Amino acid sequence: MAESVAVRTFRLLEKTSGRDRLSRVIQYGSKFISWLLQQEGVSDDLIVRVKTLESSISTARKLFRLGKSFDHLRVAFQTIHLKDPIQRFLITFSKINRFLFLLFDHLVWAGRVKLLKVDTKRWTKNSARFWFLAVVCCLLRDMYDFFSALRIEQVRLKHDSTGAEKTLKNAVTRTICNNSALVLDFVKNGADIFLPISQLDIGSGLSSGLIGILGVVSSLCSLATIWNEALKLRYS
């Protein structure tokens, strides 16, 4: 068992996506800690250090993501051929929006490191808008897939001869238990949706502590899919 955990840990750290998710946990964890320290009235020097850590990791992750936008564009060319029209639209549209989100995010990075003279605040908001649209599509896809799986489960219960309760509650429970990857993806996207909102005017009232916690939750969900690939939803 210990050997299996060690092997999985090394495999996770070998992957760029695994290291990125771990960095993301630290980034949003730092955001939460800096908010907590402010609430406790800790010295400004310590708060500045934690915020500097968060900002440094954020900038580093933007650098490591250079070119990743085209991975999403490549996947979009694949998903446009999916048979299910609802999945085809939602998944393809989410990938296109992620492509644009990361593309503008590259500009933000170039502005932060003074490589280009750009309005980083403006492009951060533009990037966040596409990020938000991408996550909305992912959430709608999760809900569509869940109700599709629920209908199948209801048909199974209808023809079940083992004496199982043929109620909606039982069908929902069985759907959740039999679709762990889908449930995990929904939790991840449910937490993720608030991150781009916090960068837009409509999310100005969200506390950095809440955003930090939600960022950690979504990052841990992503780490779980890298740790165990069976938990990863296709095209998520």
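The largest cavity in this predicted model holds about 40 Å³ of space. With the cut-off set at 30 Å³ or more, the count comes to one cavity.

Let's walk around its wall. Leu90, Ile91 and Ser94 are part of the lining, together with Cys137, Cys138 and Arg141, and the list is completed by Asp185, Tyr235 and Ser236. Two elements each give two or more residues to this lining: helix H5, which spans 85–112, and helix H6, which spans 120–158. As for chemical character, the lining residues divide into five nonpolar, two polar and two charged.

Two cysteines sit in that lining, Cys137 and Cys138, and they invite a closer look. How many disulfides does a search of the whole structure find? The search comes back with zero. As a reminder, a disulfide is a covalent bond between the sulfur atoms of two cysteines.

Why is Cys137 without such a bond? The cysteine sulfur closest to that of Cys137 belongs to Cys138, and it lies 7.0 Å away, which is too far for a bond; a disulfide needs the two sulfur atoms within 2.5 Å. Seen from the other side, Cys138 is in no disulfide either, and its nearest cysteine sulfur is that of Cys137, 7.0 Å away.

Are these two cysteines buried or exposed? Cys137 has a relative accessible area of 6%, so it counts as buried. Cys138 is buried too, with a relative accessible area of 12%. Both values fall in the buried class because that class takes in residues under 20%.

Conventions
Residues numbered from 1 in each chain as written. Predicted model: local features only at pLDDT ≥ 70, side-chain atom pairs only at ≥ 80, totals over all residues. Heavy atoms only, no water. 1 Å grid on protein atoms, 1.4 Å probe; cavity = no way out; pocket = protein on both sides within 12 Å on 5 of 7 lines; lining within 4 Å. Points joined across faces, edges and corners; volume = space filled by probe spheres on them. Helix = DSSP H or I, 4+ residues; strand = E, 2+ residues; numbered from the N terminus. Nonpolar A, V, L, I, M, F, W, Y, C, P; charged D, E, K, R; others polar. Buried < 20%, exposed > 50% of the residue type's maximum accessible area, 1.4 Å probe, protein only.
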